[in-house]
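Dear colleague,

Please find below the structure that I am handing over to you, together with its sequence. My notes on it follow directly afterwards.

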Amino acid sequence: MKKIMIIGAGLNQLPIIQTAKKQGRYVLVVSPQGDYPGIGIADEWLECDIFDIDRIIEYGRERKIDGVLSDQSDMAAPIVAKIAEKLGLVGYGYENALYFTEKTKMRELYRKFGFNVPDFYKVDTYDEYIYAVNQMGYPFVIKPMDAFASRGISLVRGEYEMQSAYETAMDCSRTKHIIIEKYIKGPQFFSQGFTANGKLRMFAFSDRYYYNLENVFIPYTNAFPAKIDDGLKKDMTNLMNQVIEYLKPSYGHVWAEWIVEEKTGKLYMVEMAIRGGGAYVTSELIPRTYGIDTQEYLVKAALGEDVSDFFTMKLPKEKSAAFFSYLLPEGKVKYIEGLDKITQIPGVVRADIKDIKPGDTIPKIADKTSRYGLIVVQGSNRDELDSIHKKLQAVINIKVDTKEGIKGVIWE
């Protein structure tokens, strides 16, 4: 029985742990103490901070692991790559991982290939920040170099928002580096595929819709398949192929977020990653839409097994799937109704709803962790998903007492 080490044991790692167990692998998880569901189902647990790489490497050497893996975690990607290099296991390379996780290296690579890239500056101090803003002008987006779940990301439209946005970004950065880039307005999309042995198959495309909020970027859905033509899909695939051909990662889920600029029609690759998408994108939405679970291939590839059939298999006819989420305004919960009826709606296949009750205080909306529901739905087409979304809005009734009066659920 082959042994595979998985870095992390939280909800985002749970699907890949379950996949490895289903395949009959011996699963070792690395995680600090906590209420992490993967700990209970793994065969073995190393209680350890995931950033204690030397200890993890020594443990992996002692246990003679056959592969190391993580999924749905930007933070873990360089860690997995370093461990694989030190233990002589299959990996995508530590330097490669940095291109997929460090935003400035990512954008420098885009420029190398001649991709459309918004003006950007790496900023380490407030003085550098002021200089960069004076050079760039408004509006711009500010991001921590190393945060996740949209933490610390803000749209800055004027001087009155400058300082608070900077402080928020720095607070959310572990390394205290941030990036600012010119704001590009337009529809946004997501694509995901799988790469192994220099080949890429990009097959999953979704529309990505964001809440209409003043200065934060939080998607309320990823809806598959995207309502785009084959030409745009081909353009996205060709750009990602250039990245894969240059970096040559041994294997991995690869995805990208895109914007088509409203004024010019230019295609921008906003972010890319060598991991699966969270919010059930990889574990639920893609299998339900395209009839293939790429996580099975991820485990095999990490163990050095043959995955060539992935690149030749014919996919079944597309269906449609999405997650829907909602936000609540800042204030105190007054009334809740309908949460127990969500799963009774036809097409709803999963509902992860935060436990709230009347009297609870709702904090200010900040990032993806502010979402109060992740509801997975499936239908035969996108029109069915829209119908389910309307039914959810009709069923869920939550009232919050805010400074501006009583307000309800924020859906879009």
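**Contacts of isoleucine 4**

Leaving aside residues up to four places away in sequence, isoleucine 4 touches Ala20, Arg25, Tyr26, Val27, Leu28, Gly67, Val68, Leu69, Val299, Ala302 and Leu303. Please bear in mind that this is a predicted model. Isoleucine 4 belongs to strand E1, which covers residues 3–7. Is this residue buried or exposed? Its relative accessibility is 0%, and because buried means under 20%, isoleucine 4 counts as buried. As for its separation from glycine 338, the two residues are 334 residues apart along the chain, and their C-alpha atoms are separated by 42 Å.

**Packing of helices H4 and H5**

Two packed helices are described by the angle between their axes and the distance between the axes. For helix H4 (residues 76–87) and helix H5 (residues 94–101), the angle is about 175° and the axes are 8 Å apart. Since an angle over 145 degrees counts as roughly antiparallel, H4 and H5 are therefore roughly antiparallel to each other. On the H4 side, the contact is made by Ala77, Pro78, Ala81, Lys82 and Glu85; H5 contributes Tyr94, Ala97, Leu98 and Thr101. By character, the residues of this contact between H4 and H5 comprise six nonpolar, one polar and two charged.

**The sheet containing strand E15**

The model also holds an open sheet of four strands, in the order E17-E15-E19-E20 and with antiparallel pairing. Its edge strands are E17 and E20 (405–407), each of which pairs on one side only.

Strand E15 spans residues 331–337 and pairs with strand E17 (residues 361–362) in the antiparallel sense, over two bridges. E15 is also joined to strand E19 (residues 397–402), again running antiparallel, by five bridges.

Which residues are the partners of lysine 332 in E17 and E19? In E17, lysine 332 stands opposite threonine 361. In E19, the bridge partner of lysine 332 is aspartate 401.

With kind regards

Terms used. Residues numbered from 1 in each chain as written. Predicted model: local features only at pLDDT ≥ 70, side-chain atom pairs only at ≥ 80, totals over all residues. Heavy atoms only, no water. Buried < 20%, exposed > 50% of the residue type's maximum accessible area, 1.4 Å probe, protein only. Contact = heavy atoms within 4.5 Å. Axes fitted to C-alpha atoms, helices over the stretch in contact; angles between N-to-C directions. Parallel < 35°, antiparallel > 145°, perpendicular 65-115°, else oblique. Nonpolar A, V, L, I, M, F, W, Y, C, P; charged D, E, K, R; others polar. Pairing = 2+ DSSP bridges.
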